[in-house]
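Hi,

Here's the structure I said I'd pass along. Have a look at it first, and my notes on what turned up follow below.

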Amino acid sequence: MSKERSASRLPLAALAAALAAVVAMAGLGVAFVWTAAVGAAGLIAAAVLGAGGAAASPAPPAPAPKPAAKPAAGEGRPCAIDPERDKMLRMTGELAAAHEIQMLLVPRTFPPLRGCPPFDLYAVLEPAREIGGDFYDYWMLGRDHLAMVIADVSGKGIPSALYMAMARTYLRAFSRHIHDPAELLTRLNREVARHNPSCMFITVFCGIVDLATGVMEYANAGHNHPLRRKRGGKAEWFDDADHPPVGFVPDLAYAKKEAKLEPGEMLFLYTDGVTEAMNKNDEMIGEARVAEIFDAAADMADSCRAVAMNLQSNLSEFTAGRDPYDDITIMTYRHPDDQNWDHLDGSCEEAGAEMGDAVLSSIGTVSSVSVSGSGDGRFFSLTDLK
């Protein structure tokens with residue numbers, strides 16, 4: 001790697017380290033996270049802006065400026081720096097860096113995963129602005145249990161993005177010891193609700209699938225009802241008992257439900273930016289039309305990636321000519337046909353590193369942060385959490 005290329009990555013590494021440290025401190029309370037985030041903002045901006053975005057090394061003292069020559073008659077005077085334009089350029093750079101960091105927080109590597117059962121899953125996240133409050137996640141719990149989460153934080157922009165990072169970190173950390181989706185949401189709600197002066201909330205769907213039996217345990221905190229579709233059948237809405245979003249009532253206990261997935265059955269999880277997408281005539285696409293598009297896409301393709309891309313393409317076509325109003329997140333999952341996994345070597349949990357995992361044994365202080373990878377596989381990891 002060239003020195004120039006290596007230097008250009010340092011600001012991104014600094015930004016990743018600052019955000020990672022703030023997120024990992026979530027266990028100390030939302031108020032602390034917020035304070036740390038605000039305090040780190042100046043350091044982050046300096047890292048991104050130093051030397052025009054490259055790593056800044058100590059520079060020798062600048063020579064004394066020579067007196068400017070008086071312009072000759074008819075010559076134009078030098079242009080003054082426009083402070084508003086300079087401020088806008090700085091903000092644009094910071095938001096672009098923040099967008100890239102936020103994309104590192106969601107998995108961008110999808111099945112097949114080494115040593116794991118042959119399930120299929122794919123997801124797409126499109127923030128309406130540079131950064132947003134939607135997120136998705138998935139990870140393995142043991143060899144044959146898959147956890148899936150999709151969520152939507154109220155509002156937009158930087159506050160929503162901070163809550164998004166905090167919620168994802170809590171869920172990953174709690175899941176090291178809790179494998180019940182209702183208890184995961186109950187614990188998440190307790191932490192968010194008791195430190196929530198801004199009255200923000202998060203809608204969350206959390207499901208844990210037993211890949212061997214097809215039983216999915218799930219809990220829903222005010223999120224859009226998923227769609228399910230048996231192979232060759234028609235899309236159906238989950239029959240859900242709604243619960244309030246995370247963040248309102250500190251002592252609320254969420255209920256767990258079960259669904260049995262058949263081999264080859266597909267799930268479609270999404271945020272309200274999908275069903276509430278508007279076209280240039282102020283028409284909403286609506287749930288019924290989204291279900292029809294999902295049916296047609298699943299008829300044409302078996303892979304989750306193809307179905308998700310088809311849904312995304314249809315949404316883009318519907319909203320053409322109008323700026324996006326809300327974040328759009330799509331997740332598709334197909335239950336495996338093959339139930340014989342005797343040949344697996346037991347390394348499925350370790351494949352989490354290939355998904356860009358932050359492996360959290362508990363939340364505490366960060367003693368090491370690293371940035372690694374390249375291209376679409378780039379991720380940051382938190383290590384030595386104690």
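Let me start with a helix pair. Helix H4 (residues 157-174) packs against H5 with the axes 10 Å apart and an angle of about 135 degrees between them. That angle makes H4 oblique to H5, and the crossing is right-handed. On the H4 side, the contact is made by Tyr 163, Met 166, Ala 167, Tyr 170, Leu 171 and Phe 174. H5 brings Leu 184, Leu 185, Arg 187, Leu 188, Glu 191 and Val 192 to it.

Before you go further: this is a predicted model, so keep the confidence in mind. The mean pLDDT over the chain is 73, with 62% of the residues scoring at least 70. Among the elements, strand S9 (residues 266-270) has the highest mean at 96, and strand S11 (residues 368-372) the lowest at 31. Residues 1-18 are below 50, and that stretch has 27 contacts beyond near neighbours in sequence. Residues 350-386 are below 50 too, with 90 such contacts in the model.

Next, the sheet. It's an open one with five strands, ordered S2-S3-S4-S5-S8 and paired antiparallel. S2 (134-141) and S8 (257-260) are the edge strands; each has a single partner, so one side of each has no neighbour in the sheet. On average, neighbouring strands are turned by 20 degrees against each other, ignoring direction. S5 (residues 215-221) and S8 are joined by four antiparallel bridges, and Tyr 218 has Lys 257 in S8 as its bridge partner.

Both helices from the start of this note pack on that sheet. H4 touches S2, S3 (145-153) and S4 (202-210), and its direction makes about 10 degrees with that of S2. H5 touches S4 and S5, with its direction at about 155 degrees to that of S4.

One residue in H5 (residues 181-193) that I looked at is Ala 193. So is it buried or exposed? Its relative accessibility is 14%, and with the cut-off for buried at under 20%, Ala 193 counts as buried. Setting aside neighbours within four places in sequence, Ala 193 is in contact with Gly 247, Phe 248, Val 249 and Pro 250. Val 246 is 53 residues away from Ala 193 in sequence, yet their C-alpha atoms are 7.2 Å apart.

Last one: strand S1 (residues 120-126). Five of its seven residues are buried, so S1 is largely enclosed by the rest of the structure. S1 pairs with S10 (residues 328-334) in the antiparallel sense over seven bridges, and Asp 120 stands opposite Arg 334 of S10.

Cheers

Note on methods: Residues numbered from 1 in each chain as written. Predicted model: local features only at pLDDT ≥ 70, side-chain atom pairs only at ≥ 80, totals over all residues. Heavy atoms only, no water. Buried < 20%, exposed > 50% of the residue type's maximum accessible area, 1.4 Å probe, protein only. Helix = DSSP H or I, 4+ residues; strand = E, 2+ residues; numbered from the N terminus. Pairing = 2+ DSSP bridges. pLDDT = per-residue confidence, 0-100. Contact = heavy atoms within 4.5 Å. Axes fitted to C-alpha atoms, helices over the stretch in contact; angles between N-to-C directions. Parallel < 35°, antiparallel > 145°, perpendicular 65-115°, else oblique. Left-handed = near helix turned anticlockwise from the far one by under 90°.
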